Amino acid sequence: MTVKLEKDVIPTAETKLKLGGVVDVPPIVWGWTPEAEKDAKEAFDTAFELNIPFYDSAEVYGDGESEKEIKRFQEKYSEEEKAKQVIATKYFPHAHRTQFPDVLLSALKDSLSRLGSFKVDLYQIHAPIHPVEIEVVANALADAYEAGLVRTVGVSNYSIEEIKRMHAALQKRNIPLASNQISYSLTRTIPEKSGLIKLCHDLGIVILAYSRKCTMISLSMGLLTGKYPPHGPPPKGRERWFSRFDKEQLTQLLAVLKRLGEKYGKTQSAIALNWCIVKGTIPLGGARTAEHVRQNAEALGFRLTDDEVSELDKYSFEGSNNNEWQHG
């Protein structure tokens with residue numbers, strides 16, 4: 001089962017990894033931001049044209065609007081073309097949702113209705129904040145799988161111990177845990193340092209790597225794109241996020257990204273995303289426009305060397321976990 005890029009393999013749009021051993025996915029994902037629909041549709045279509053049609057949504061994105069948009073965007077495609085589009089969505093474990101498996105199955109059917117589909121490729125638990133034990137949630141996911149409503153199941157933001165429990169519980173039902181979507185980038189490498197990523201790979205679990213949910217998801221709210229100078233004023237609304245990083249270390253990191261971008265003829269964004277891919281993850285390249293999709297696609301077609309990865313590692317940030325959301 002291929003859950004990460006093999007050593008020395010150059011990632012391209014034709015490179016495929018496996019979710020749960022059954023769903024072929026490209027090495028980069030489009031994370032959904034349901035805002036300007038015209039731009040979003042163009043981005044959706046561009047991802048398909050570039051052969052990277054992997055779309056990550058959730059029932060809470062736009063209060064279900066992102067799933068409805070996917071349904072509208074798919075209307076012009078043939079059934080054969082739709083079959084090439086991988087759709088992922090998520091269940092949000094609100095505190096009042098306690099009656100499992102009914103609450104999960106009901107939410108999933110609502111998502112499928114908004115998506116206009118009878119089955120979703122990947123159904124994920126949005127965060128390990130559910131009011132019941134992991135094994136109870138696992139059995140609900142297993143029920144959804146056995147009912148033929150999902151092709152694969154995954155989780156988000158799960159820790160090492162939580163992954164072990166979820167994996168073991170699903171194994172009892174002979175169902176693979178396909179993915180763990182976690183915050184991982186050059187500004188948050190704790191999932192690698194803690195051994196979480198290695199554990200997931202050893203268990204056959206794909207890592208979907210996001211960072212702060214914004215325009216460039218795996219690019220730390222645009223911090224790694226080079227758009228904002230490390231010593232300059234941060235963009236409005238992101239002051240608290242930007243202020244947590246040591247300015248000198250950030251300056252060094254951005255300098256390496258810039259130099260490698262010039263070497264490969266790529267943007268800094270592409271270098272940062274390629275680093276994620278080489279590390280054995282599938283980065284979520286958030287895209288509000290077709291141009292963002294094209295920029296993210298630049299992360300394919302080359303591979304950073306081990307020395308270049310080590311140099312980026314030298315100036316990367318570890319980050320931390322928290323009890324509220326990011327356990328892993």
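A residue is called buried when its relative accessible area is under 20%, and exposed when that area is over 50%. By this standard, both Tyr-91 and Phe-100 are buried. The model considered here is predicted. This briefing follows two helices, a strand with its neighbours, the aromatic rings, and some notable points of the backbone.

**Helix 1 and its surroundings**

- Helix 1 comprises 13 residues, from 37 to 49, and at 1.5 Å a residue it should span 18 Å. The C-alpha atoms at its ends are 18 Å apart, which agrees with that expectation.
- The buried residues in helix 1 are Ala-40, Ala-43, Phe-44, Asp-45, Thr-46, Ala-47 and Phe-48.
- The cover over these buried residues includes two strands, strand 3 (30-31) and strand 4 (54-56), together with helix 2 (65-74), helix 3 (79-82) and helix 12 (290-297).
- After helix 1 comes Asn-51, which has a positive phi, near 65 degrees.

**Helix 12**

- In helix 12, Ala-290, His-292, Val-293, Asn-296 and Ala-297 are buried.
- Viewed down the helix axis, the buried residues of helix 12 fall within an arc of 160 degrees, and therefore they line one face of the helix.
- A general rule helps in reading such a pattern: an α-helix has 3.6 residues a turn, so residues three or four places apart point the same way.
- Helix 1 and helix 11 (268-278) are among the elements that cover the buried residues of helix 12.

**Strand 5 and its neighbours**

- Strand 5 covers residues 86-91, and 6 of its 6 residues are buried, so the strand is largely enclosed by the rest of the structure.
- Val-86, Ala-88 and Lys-90 point one way from strand 5, while Ile-87, Thr-89 and Tyr-91 point the other way; residues on both sides are buried.
- Strand 4 pairs with strand 5 in the parallel sense, over 3 bridges. Within this region, Tyr-55 has Ile-87 of strand 5 as its bridge partner.
- Strand 5 also runs parallel to strand 6 (residues 120-125), and 4 bridges join the two. Here Tyr-91 has Ile-125 of strand 6 as its bridge partner.
- Between strand 5 and strand 6 the chain passes through helix 4 (residues 102-115), and this β-α-β crossover is right-handed.

**Aromatic rings**

- Across the whole structure, a search finds 8 aromatic pairs.
- In the pair formed by Tyr-91 and Phe-100, the ring centres are 6.0 Å apart and the planes are at 65 degrees; because planes over 60 degrees apart count as edge-to-face, the pair is of that kind.
- One aromatic cluster is formed by Phe-44, Phe-48, Tyr-55, Phe-73 and Tyr-77. Of these, Phe-44 and Phe-48 are buried residues of helix 1.

**Notable points of the backbone**

- The peptide bond that leads from Phe-100 to Pro-101 is cis, and its omega is near 5 degrees. Pro-101 is placed in the loop between strand 5 and helix 4.
- Asp-63 is not a glycine, yet it has a positive phi of about 55 degrees. Asp-63 belongs to the loop between strand 4 and helix 2, and its relative accessible area of 70% makes it exposed.
- Asn-174, likewise not a glycine, has a positive phi of about 60 degrees. This residue occurs in the loop between helix 6 (160-171) and strand 8 (177-183). Asn-174 is exposed, because its relative accessible area is 68%.

Methods. Residues numbered from 1 in each chain as written. Predicted model: local features only at pLDDT ≥ 70, side-chain atom pairs only at ≥ 80, totals over all residues. Heavy atoms only, no water. Expected span 1.5 Å × (residues − 1). Buried < 20%, exposed > 50% of the residue type's maximum accessible area, 1.4 Å probe, protein only. Contact = heavy atoms within 4.5 Å. Arc of directions from axis to C-beta. Pairing = 2+ DSSP bridges. Right-handed = clockwise from strand over helix to strand, strands pointing away. Phe/Tyr/Trp six-rings, centres within 6.5 Å; stacked < 30°, edge-to-face > 60°.
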